[in-house]
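User: I'm new to this structure, so please give me a close look at its salt bridges. Tell me who pairs with whom and how much of each partner is open to the outside.

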Amino acid sequence: MEPIIRLENVSFSYKINEKTKVSVLKNISFSIIPGEYVAIIGHNGSGKSTLSKHLNGILTPDNGDVWVHGNNTKDTNNKRSIRQTVGTVFQHPDNQIVATIVEEDVAFGLENIEVPREEMKKRVDEALNVVKMSQFRHRPPHHLSGGQKQRVAIAGVLAMHPDCIVFDEATSMLDSFGRKEVLQVMRKMNNMGMTIITVTHHMSEAAEADRIIVIEDGQIVMDAPPREIFKHKQELKNLQLEVPSVSQMAEGIHQQFPDFSTELIQEDEFIDEVMKFSKVEVI
Amino acid sequence: MGARPIIQVENLSHTYMKGTPLEHVALKGANLYVEEGECIAIIGHTGSGKSTLIQHFNGLMRPESGKVIIDGVDLSKKKVDVKTLRQKVGLVFQNPEDQIFEKIIGDDIAYGPFKLGLPLKEVRERVKWAMSVVGLDFEQMKDRQTFALSGGQKRKVALAGILALKPKILVLDEPTAGLDPKSRNELLEKIKRLNREEKLTVIFVSHNMEEVAMLADRIYVMAGGKDVLCGTPKEIFTDKEKLQLHHIGTPETVQVLYRLTDLGYKVSVDAFSISEATEEIIKVLHGTKEDLEDVQRV
């Protein structure tokens, strides 16, 4: 299948003062296929946020190329269609809220691309409904709390009907219920065929994806399904990361009961294993 | 117990844009007390009034009605020495970008102590100390530009800037949001040490129940602009009815243990850390093994 996003030998550096440059991305190449659900993980400063900003041309590479549906992000003529294909939800919602009333904020992007009024109303309704913010539609966003603002920001991106959404640590400011809701939305959108890319520090969140890309010092060090990635406990620890809580618990139990599986990454699997295990023991 | 309250909030209310059609009640009769040296977590849903509450602690907001007394100073009085108050109460916001304005990391952290009129040597010492507390290498990072930092690094710089003021009370809004697992654990350890060893009073808002369980002596639960529940982590996380009533999440470990109890396993849910929870499950699995041995003996 034709990839929706393709990176080829991408390098990027920030200038930190007159003399010195810090190289953030070093010769990165990978492709994302339409419909994939990909998590990008790595410690603070590993380059994953910079990488996510390359996926829809917010930043363009110093060397190498990024193609979105075959359009090079360096070509400014492609900018509009690229941004419509790949939407981004950032960590801090304040930076992406522009209007003075919630529903106007959600409609902002639609106004810019001249969506007819009836269609606009329908899309705003749908998007606010998905993030469960319908009852706040007439409120000024700056008086909402962080989590509520974030849901408004997500609605604004959803309303644009992109093919792919990049979540750049978008759940890191949400409480556990807020996070669950957003994760459910992500899963739902992915099931509907949307490509999801999530940059996260929550390992149990990364375990939800179909594929994990691990970034260290501006390079890809691992790229595999979650189950494969989380087998490498020591490597992850060296990369200042960890495995999900249930995997850590499974490891501890395994030391006492060697038959207890260590390849568990989701809560449901863990519960099943405890049940299966205690049954086997009793029989 | 028996220590004097360093923070006392009584019946505090606040309404945003009062008297306009956009009026919004954020606090509605909130109460809270914190003793010197305590570590307090404030949890609650988005919009429950947590952020509005903590902005009262250093005088960013003044009580509209009700009382806020910080270390003996009544903030509802007209004349309050805000400068002394802000030296005493260090507030770290949720978005670290809000608090960083200097171009160079070292300058940004030095700004507060410098404004206090401290001698240059002392300022340097404090910056060095604060950077080591948050885990930023002084020599390597002091001359770096602030704009090219990642979200997590900015958070550390913002926290260091506050710590350099050597406050008596540290107020943190979501201290570890956006940090990777290792930085998060390190920062939590450091906050814990500041609290336990340097007797710093710590109040933090968090949605992360792992860190709430690990750090807090007591937890306040906010809902609808009020404090609806208060207790130790043990009291809060083992009270299933209240958890459900107030829609409070638990650490991932406790979540697993609750699911096992629902299935009939006799595990205690009072095991917050990974190792405690693992022990708890191992105990139960051993139990089923002993049952098996009993059966064989029969």
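Analyst: Let's begin in chain B, where Lys77(B) and Asp74(B) form a salt bridge, with their closest N and O atoms 3.9 Å apart (a side-chain nitrogen of Lys or Arg within 4 Å of a carboxyl oxygen of Asp or Glu). This is a predicted model, with local features needing pLDDT of at least 70, side-chain atom pairs pLDDT 80 or more, and totals for chains, interfaces and linings using all residues. Residues count from 1 along each chain as written, chains are lettered from A and ligands numbered from 1 in written order, and side-chain values use heavy atoms, without hydrogens or water.

The two partners sit in unlike surroundings. Lys77(B) is exposed, at 51% relative accessible area, while Asp74(B) is buried, at 15% (buried is under 20%, exposed over 50%, partly exposed in between, with a 1.4 Å probe and protein chains only).

Still in chain B, take Glu122(B) and Arg126(B), whose side chains meet in a salt bridge at 3.0 Å, N to O. Why are these two about one helical turn apart? Because they are four residues apart in helix H4 (residues 120-134) of chain B (helices are DSSP runs of H or I, at least four residues, and strands are E runs of at least two, numbered from the N terminus). Here the acid, Glu122(B), is partly exposed, with a relative accessible area of 32%. Arg126(B), its partner, is buried at 13%.

Now over to chain A, where the side chains of Lys121(A) and Asp125(A) come together in a salt bridge, 3.7 Å from N to O. Both belong to helix H4 (residues 117-130) of chain A, and they are four residues apart, about one turn of the helix. Neither end of this pair is tucked away: Lys121(A) is partly exposed, with a relative accessible area of 46%, and Asp125(A) is partly exposed too, at 28%.

That chain A pair also has company. Lys121(A) and Asp125(A) are linked with Glu103(A) and Arg137(A) in a network of salt bridges. Side chains of opposite charge can pair when their charged atoms come close.

How many salt bridges are there over all chains? The count comes to 32. Among them are Lys77(B) with Asp74(B), Glu122(B) with Arg126(B), and Lys121(A) with Asp125(A). If you're hunting for them in the viewer, try helix H4 of chain A for Lys121(A) and Asp125(A), then helix H4 of chain B for Glu122(B) and Arg126(B).
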